[in-house]
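Let's take a walk through this model together. Have the sequence and the 3D view ready as you read.

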Amino acid sequence: MVREKELSLNESARQSGLITDLLDMTKPRVVLLMLVCALVGMLMSVKGSISVTLMIYGLLGIALVAGSAAVLNHVVDAQWDRRMARTEHRPVATGRIRPFHGLLFSAALGLAGTSILFLLVNPLAAWLNLASWLGYGVFYSIFLKHTTSQNIVIGGLFGAAPPLLGWVAITNSIEPGALVLVLIIFMWTPPHFWALAIDRIDDYESAGIPMLPLTHGDRYTRWWILIYTVLLFVSTLLPFLIGMSGWIYLCTAILLGIVYLGFSSAMLLMEDPKLPLRSFKYSILYLTVLFAGLLADHYVLGLPSSVYV
């Protein structure tokens, strides 16, 4: 009896570990950030009523396809993950999940997500999500990441897609407002990731990944972080300039941008080794508050919106 109980407990522990590993492979924190951006696109896409049911199906489909791409990234990156302290304990890198099983899991998630989008949302949303999957899961993970120092810049286009995916899920159309949101995330991505790359340069060197600080040097990277932060600041003014938002958003964007420019300038002028990681952490807060300001503006300044089931 005791032996059976021990076997049962061991089996439960194995199953729990497997579920945890599978969930980790989908990069849930990254997917959650993508869903927040997709939700912003959904809510900004209309001035009238919006279907909660359509939003749920859209977010579910986007999450499954994004999770599928993340799992594929785990499989492709396993040999490099083993060389980095930050990733050496990942399920495929350690052998807890076999690459073939990872590919099956990725295929199952991708098929489920694409089917939901095709059947319950709209075909355009499904095709765009599939294109994003190919861009990140295949083009970025297999080719860009390990061959060019511009991996983050080029690959950032796929990572910037969530607001467009959310927008299209509701409207079944590609509109200027959605593209402006994509542009903002596209400009945000390089200073966000290059700051982390400076802080984790030893990891990337061990893995042989050609991040900009390794290929062109620390100082060069810091200059480009500042340049992209300036471009980002200008990009965040576009929603106001095209009449997509009002003064609440504009003030939010300017205040956040001034602080971000302060971080980027300080990284050039000061030798504080903690600044790159602080800038990286602020960039996450920056994007979150920026989009919160956009939504507050959308709903507070008399742009009538409501939801229905």
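Here is a tour of a surface patch and two loop residues.

A quick word on ground rules: this is a predicted model, where local features need pLDDT of at least 70, side-chain atom pairs count only at pLDDT 80 or more, and totals for chains, interfaces and linings use all residues. Residues are numbered from 1 along each chain as its sequence is written, and side-chain values use heavy atoms, with hydrogens and water left out.

Start on the outside. Tyr57, Phe118, Leu119, Leu120 and Trp127 make a nonpolar surface patch of about 530 Å². To join such a patch, residues need over 30% relative accessible area and no salt bridge, and their nonpolar side chains must lie within 5 Å. Helix H6, residues 99–121, is the biggest contributor, giving 3 residues. Helices here are DSSP runs (H or I, at least four residues), numbered from the N terminus. One of the patch residues, Phe118, sits in helix H6 and is partly exposed at 32% relative accessible area. For that label, buried means under 20%, exposed means over 50%, and partly exposed is in between (1.4 Å probe, protein chains only).

Now for the loops. Lys27 lies between helix H1 (2–25) and helix H2 (28–44), and has a positive phi of about 50° even though it isn't a glycine. Lys27 is also buried, with a relative accessible area of 16%.

Further along, Asn172 is in the loop between helix H9 (162–171) and helix H10 (176–199). Asn172 is another non-glycine with a positive phi, this one near 60°. At 42% relative accessibility, Asn172 counts as partly exposed.

Key: Patch = residues over 30% accessible without salt bridge, like charges linked within 9 Å, V, L, I, M, F, W, Y side chains within 5 Å. Areas by Shrake-Rupley, 256 points an atom, 1.4 Å probe, with all protein chains shown as cover. Salt bridge = Lys/Arg side-chain N within 4 Å of Asp/Glu carboxyl O. Helix = DSSP H or I, 4+ residues; strand = E, 2+ residues; numbered from the N terminus.
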